[in-house]
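Here are a few notes to read alongside the model, with pockets as the main topic. Have the structure open as you go through the points.

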Amino acid sequence: MDILQAIGSTSIVRLGKVVPPGCAEVFAKLEWENPTGSMKDRMALAVISRAEEDGRLRPGDTVVEYTGGSTGASLALVCTAKGYRLRIVTSDAFSKEKRDHMAALGAELTLVRSEGGLTTRKLILDMIETARQLSQEPHTYWIDQLNNLDSIAGYYPLGEEIWSQTKGEVDAFVHSAGAAASSRGVATVLKRYKSSIEVVVVEPAESAVLSGGPAGAHKIEGIGIGCIPPLWEPSLVDASLAVSTEDAEGMARRLAREEALFAGTSSGANVVAAIQVAARLGPGARVVTLMVDSGLKYLSTDVYKSG
């Protein structure tokens with residue numbers, strides 16, 4: 001067994017203390033059990049493997065991508081295991097831990113400066129353009145995650161795991177959207193099994209574009225890119241919910257202190273929204289959401305900084 005075979009098959013747990021009485025049960029998949037501490041390991045393995053299979057990526061090639069960090073660490077894991085050079089375009093808007101993690105796994109970083117450490121549409125576009133320029137070099141494969149359909153397939157096994165672990169007793173799936181590949185991949189599988197499953201997508205309240213609002217700056221890393229993601233498939237989504245950075249960070253801290261679940265900010269947003277759905281569905285129903293990544297990726301940020 002090699003490290004790539006350790007991706008997936010993560011645990012699922014029931015939230016006990018943060019869910020108020022009178023709500024549906026809320027379950028969370030612990031995606032930090034993946035090797036880099038993030039669900040993104042799933043998509044990284046899929047996009048690299050599929051590009052190898054059809055010849056887009058060949059031995060000796062360089063892989064290029066833009067990322068806030070978790071995708072970069074996941075790509076670094078896969079590229080190191082498979083022997084590819086990796087160049088990552090990232091930003092100071094994302095945690096130092098994420099940048100250090102990518103570099104530790106062998107990624108070569110190009111940094112794009114942000115406006116005050118905030119995620120904005122301009123920042124995402126600047127990162128994409130920088131990656132596009134790097135991708136023009138010979139023998140280079142650009143992942144281009146926002147447009148890469150292979151990433152969706154990386155999350156099909158996650159949907160299968162949720163269905164199996166709940167024994168099909170799931171009424172709603174709640175998850176935040178960045179590139180939207182993970183919500184689309186899981187929704188595709190779950191709705192194939194039971195079309196009545198409600199899929200609710202979460203986005204930052206400060207940039208609630210999916211809900212028809214204007215793009216804005218926020219600090220929920222990895223989601224809310226300021227535009228409709230190219231991989232967005234509205235036919236699979238029943239509703240969207242907006243959660244503020246403040247509420248997402250607050251719930252992340254509560255999860256650590258009350259549930260002993262140490263997660264990042266988007267996981268906090270997921271749980272805030274999942275509780276809203278659980279309150280509406282009421283007792284007897286089951287809501288599933290994701291602990292997207294580990295809180296270890298955010299120790300230097302406002303979420304967990306102690307001094």
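**Notes on two pockets and a buried glutamate**

1. Let's start with the largest pocket in this predicted model. Its lining is made of 17 residues, and those lying nearest the centre are Ala93, Ser95, Lys219, Glu221 and Thr301. The volume of this pocket comes to about 220 Å³.

2. If you are wondering about the chemistry of that lining, the largest pocket has seven charged, six polar and four nonpolar residues around it.

3. Next comes the second largest pocket, with a volume of about 160 Å³. Around it you will find Ile7, Gly8, Arg42, Leu45, Ala46, Arg50, Ala153, Gly154, Pro157 and Glu161. Two elements, helix H1 (40-53) and helix H6 (156-165), each give two or more residues to this lining. H1 provides the largest share, with four residues. Sorted by class, the lining of the second largest pocket holds five nonpolar, three charged and two polar residues.

4. One of those lining residues, Arg42, is worth following a little further. Its side chain makes a polar contact with the side chain of Glu31, at 2.7 Å. You can locate Glu31 in the loop between strand E2 (25-30) and H1.

5. Is Glu31 buried or exposed? Glu31 counts as buried because its relative accessibility is 0%, and the cut-off for buried is under 20%.

6. Finally, which residues does Glu31 touch, leaving aside those up to four places away in sequence? They are Thr10, Gly37, Ser38, Met39, Arg42, Leu158, Met291 and Val292.

How values were computed:
Residues are numbered from 1 along each chain as its sequence is written. This is a predicted model: local features need pLDDT of at least 70, side-chain atom pairs count only at pLDDT 80 or more; totals for chains, interfaces and linings use all residues. Side-chain values use heavy atoms; hydrogens and water are left out. On a 1 Å grid over the protein atoms alone, a cavity is a set of points where a 1.4 Å probe fits but cannot get out, and a pocket is an open set with protein on both sides within 12 Å along at least five of seven lines; lining residues have an atom within 4 Å of a point. Grid points are joined across faces, edges and corners, and a volume is the space filled by probe spheres set on the points. Ala, Val, Leu, Ile, Met, Phe, Trp, Tyr, Cys and Pro count as nonpolar, Asp, Glu, Lys and Arg as charged, and the others, Gly among them, as polar. Buried means under 20% relative accessible area, exposed over 50%, partly exposed in between (1.4 Å probe, protein chains only). A polar contact is a pair of N or O atoms within 3.5 Å; within protein, one must be able to donate a hydrogen and the other to accept it, and residues adjacent in sequence count only if both atoms are side-chain atoms. Contact means heavy atoms within 4.5 Å.
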